[in-house]
Each structure stands twice: as C-alpha cells, then as structure tokens.
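Colleague: I would like to go through this model with you, one region at a time, and hear the reasoning behind each reply.

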Amino acid sequence: MPKVSVAMRSDICSQAAKFLSEHGFEAPPLPPDQALQARKLEVTQLSLDDLLIKAHLPPEHSKRIQAMLDTQERAVTFRNGLPVQQRNWGSLHEIGHEFLPWQSQLIYYCPLLMLPLNIQEQFEMEADVFAAEAFFFGDRFAKYTAQGDWGLATAVDLADNVFETSLHATFRHYVENSEKACCLLVWRPEPKDGGLWIPGANSMMLQHYIKSPTFRGHINPGQIADSDDIITKVFCDTPNKVVKHTMEFKRNTCDTLVADAESYSNSYNVFTLISQPQPIKPMVSA
Ligand SMILES: [Zn+2]
C-alpha cells in the first residue's frame with residue numbers, strides 16, 4: 001500500500017496554501033462550488049457510469065469511483081445521487097488532482113484511470129491530503145482546535161460552525177493532527193439478514209479506526225457492541241450528544257487495559273474517541 005511521505009505531505013500543504021491564497025479564500029468555510037469555479041472546472045451532467053464503461057474498468061473498480069476529472073475539457077462528473085458531503089469532499093479532491101503540478105502534468109496526457117494501479121492509489125491519497133489541507137486551512141486548524149477543550153465536542157463545533165465539513169472528515173483530521181495519543185473508532189449498526197443495515201439497531205459493529213501519529217495498538221474491526229453496551233445505547237438513546245465513558249480492552253496476556261473514551265452519534269455512525277489504553281491499576285488497600 002503506498003503512503004504519503006512526510007516530504008510529500010509538506011509539498012501538498014504548500015500547494016494547498018498556494019491554492020487558497022491565489023484564489024482569495026482567506027478564512028473558513030471553503031465553499032466547494034466556488035473552489036471549482038475558481039479553477040474554471042465545470043460540473044457536467046454526464047452519466048459517470050457511461051464514462052466508466054468507456055474506460056473499460058473491471059466492475060469492482062468502477063463501483064468505488066465517485067467522480068471523474070477531465071483536465072483537457074476542464075470538467076468534473078460526479079456519480080448521480082452522491083450525498084452532498086461526499087460531493088463536497090470530491091470537489092476538493094478533484095481539484096487536488098488538477099492543482100498538484102506533478103499530477104496535472106501527467107493526467108493531462110494520460111487519464112488517471114489509465115495509469116498503473118500503484119500510481120493511481122498514490123495520487124488518490126495525495127488528493128485527499130490536498131482536500132483536507134484546503135478545507136481545514138492548513139495551520140489554522142490547530143489554532144482553532146486550541147481554542148476549545150480537547151475532545152469530540154470541540155471537533156463537532158468546528159465541523160458545524162467553522163469549517164462546515166462532515167463529522168467524519170473533521171474527526172479524522174482532528175485525530176490525525178492530535179499531539180495527544182488517541183484513536184477514533186467508527187461504528188455502524190450491525191448488518192442483519194442479507195447484509196442490510198437496520199435503523200434503530202440493537203447492536204453496533206466496528207467499521208474502522210483512525211489513529212493519531214503516536215497512538216500504539218490495533219483494534220480488530222468487525223467486533224460487535226451488543227444491546228447493553230454503551231456504544232449501542234449512545235446510538236439508540238442520545239444522538240447528537242457527547243457521552244463520556246471508559247472502554248476496556250483485553251490483551252493476549254489476559255490482562256485488561258482501560259481507556260478514557262467519549263462517544264457521539266449522528267444517527268448513522270457512532271464515533272468513539274479513546275485515549276491510549278493503560279493497564280488497570282490494582283486497588284491498594286490501606
Ligand atoms: Zn481521485
């Protein structure tokens with residue numbers, strides 16, 4: 001799996017800052033439609049599926065693609081019915097492909113989908129870093145986060161009232177830039193018969209997690225929080241509220257670690273932010 005190196009990340013940060021200043025975006029929020037206009041990129045009403053058929057991609061690869069950029073025509077085509085938050089993110093992601101000079105020079109002559117798979121994956125990650133740096137205004141994100149207490153409540157406030165970005169994107173950026181060791185767990189209702197997601201579910205499944213740079217450990221995705229678990233209760237009973245709790249983790253050596261945690265449900269996901277788990281201290285009797 002390719003990675004974005006520290007040097008490359010710093011180049012992308014400089015390019016995102018250049019993009020914001022060249023086009024007069026001085027403070028958040030960054031309106032995605034204005035960003036596309038600034039780059040003179042037109043959104044087409046073409047069918048993405050039709051375009052992908054012409055690209056002769058295997059169906060499983062096509063399904064994952066949500067938008068397509070044509071640098072020669074200066075056009076972006078989104079998948080029909082794409083949720084607004086994904087479309088917003090996709091706008092800045094496509095601008096990333098178009099603005100990062102080493103990408104645009106190559107893509108101009110050879111469409112992204114024709115490049116070797118490892119280069120495509122590398123470019124996709126770089127475009128996401130660009131989108132995050134643009135939406136969260138580079139270093140300014142840290143200044144905004146420092147104004148609130150550390151935790152999900154501050155991240156929710158930044159998403160809703162400052163950056164107007166999705167909770168998922170904001171929490172991810174918050175954790176990836178946290179100096180404190182922490183990890184974000186993303187839960188969804190457990191799929192039932194035939195893999196369907198059931199609203200009001202009585203159990204939740206861990207989808208994936210995002211670690212801060214200094215967090216140590218691995219948490220198996222796929223694990224279930226059942227009906228009497230705090231994660232499921234947060235989902236069913238207290239949407240749009242940060243709930244503080246603790247989480248226990250069993251280690252192979254059979255001892256138990258405990259982490260401070262807080263969870264937030266937006267009625268689709270539960271997001272749980274945990275600190276670095278620590279061994280439980282034995283009770284000391286007097
Ligand atoms: Zn892309």
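Colleague: Over how many bridges do β8 and strand β10 pair?

Modeller: Bear in mind that this is a predicted model. Val-258 has Gln-278 of β10 as its bridge partner, and the pairing of β8 with strand β10 (residues 278-279) runs in the antiparallel sense. The number of bridges over which β8 and β10 pair is 2.

Colleague: How many bridges join strand β7 to strand β8?

Modeller: Strand β7 covers residues 243-250 and strand β8 covers residues 256-265, and the two run antiparallel. Within this pairing, His-245 stands opposite Ala-261 of β8. The turn of the hairpin that β7 and β8 form has 5 residues between the strands, including Cys-254 with a positive phi of about 80°. The number of bridges joining β7 to β8 is 8.

Colleague: Which residue in β9 does Ala-261 stand opposite?

Modeller: β8 is also joined to strand β9 (residues 270-275), with 5 bridges and an antiparallel course. These two strands form a hairpin with 4 residues between them, where Ser-267 takes a positive phi near 75°. The residue of β9 that stands opposite Ala-261 is Ile-274.

Colleague: Which helix gives the most residues to the largest nonpolar core?

Modeller: The largest nonpolar core has 53 residues, and those with the most contacts inside it include Phe-130, Ala-134 and Ile-274. The helix that gives the most to this core, with 8 residues, is α7 (residues 117-135).

Colleague: Why does this core lie between domain 1 and domain 2?

Modeller: The domain assignment gives domain 1 as 6-138 and domain 2 as 180-279, and their C-alpha centres lie 31 Å apart. The core lies between them because residues are given to it by both domain 1 and domain 2.

Colleague: Which residues are in contact with Ile-274, leaving aside its neighbours within four places in sequence?

Modeller: Ile-274 is among the residues with the most contacts inside the largest nonpolar core, and it stands in β9, opposite Ala-261. With the neighbours within four places set aside, the residues in contact with Ile-274 are Cys-182, Cys-183, Leu-185, Met-247, Ala-259, Asp-260 and Ala-261.

Colleague: What span should the 19 residues of α7 have at 1.5 Å a residue?

Modeller: The buried residues of α7, among them Phe-123, Phe-130 and Phe-135, pack against α1 (6-22), α5, α6 (101-109), α9 (152-163) and α10. The end C-alpha atoms of α7 are 27 Å apart, which agrees with the expected span of 27 Å.

Colleague: How many of the 16 residues of α5 are buried?

Modeller: Helix α5 (residues 84-99) lies across β2 and β3, running at about 30° to β2. From its first C-alpha to its last, α5 reaches 22 Å, close to the 22 Å expected at 1.5 Å a residue. Its buried residues include Trp-89, Leu-92 and Phe-99, and the helix is mostly covered, the number of buried residues being 12.

Colleague: In what order do the 3 strands of the open sheet stand?

Modeller: The edge strands are β1 (42-43) and β2 (67-70), each of which pairs on one side only. β1 pairs with strand β3 (residues 75-78) in the parallel sense over 2 bridges, and Glu-42 has Ala-75 of β3 as its bridge partner. The pairing in this open sheet is mixed, and the order is β1-β3-β2.

Colleague: Is Lys-40 buried or exposed?

Modeller: Lys-40 lies in the loop between α2 and β1, and its phi is positive, at about 55°, although it is not a glycine. Because a residue with 12 or fewer other C-beta atoms within 10 Å counts as exposed, and Lys-40 has 8, the class of Lys-40 is exposed.

Colleague: What is the omega of the cis peptide bond that joins Pro-28 and Pro-29?

Modeller: Most peptide bonds are trans. Pro-29 is found in the loop between α1 and α2 (32-38), and the bond that joins Pro-28 to Pro-29 is cis, with an omega of about 0°.

Notes:
Residues numbered from 1 in each chain as written. Predicted model: local features only at pLDDT ≥ 70, side-chain atom pairs only at ≥ 80, totals over all residues. Pairing = 2+ DSSP bridges. Domains from an automatic or database assignment. Core = buried A, V, L, I, M, F, W, Y, C linked by C-beta atoms within 7 Å. Buried ≥ 20, exposed ≤ 12 C-beta atoms within 10 Å, placed from the backbone. Contact = placed C-beta atoms within 7 Å. Axes fitted to C-alpha atoms, helices over the stretch in contact; angles between N-to-C directions. Expected span 1.5 Å × (residues − 1).
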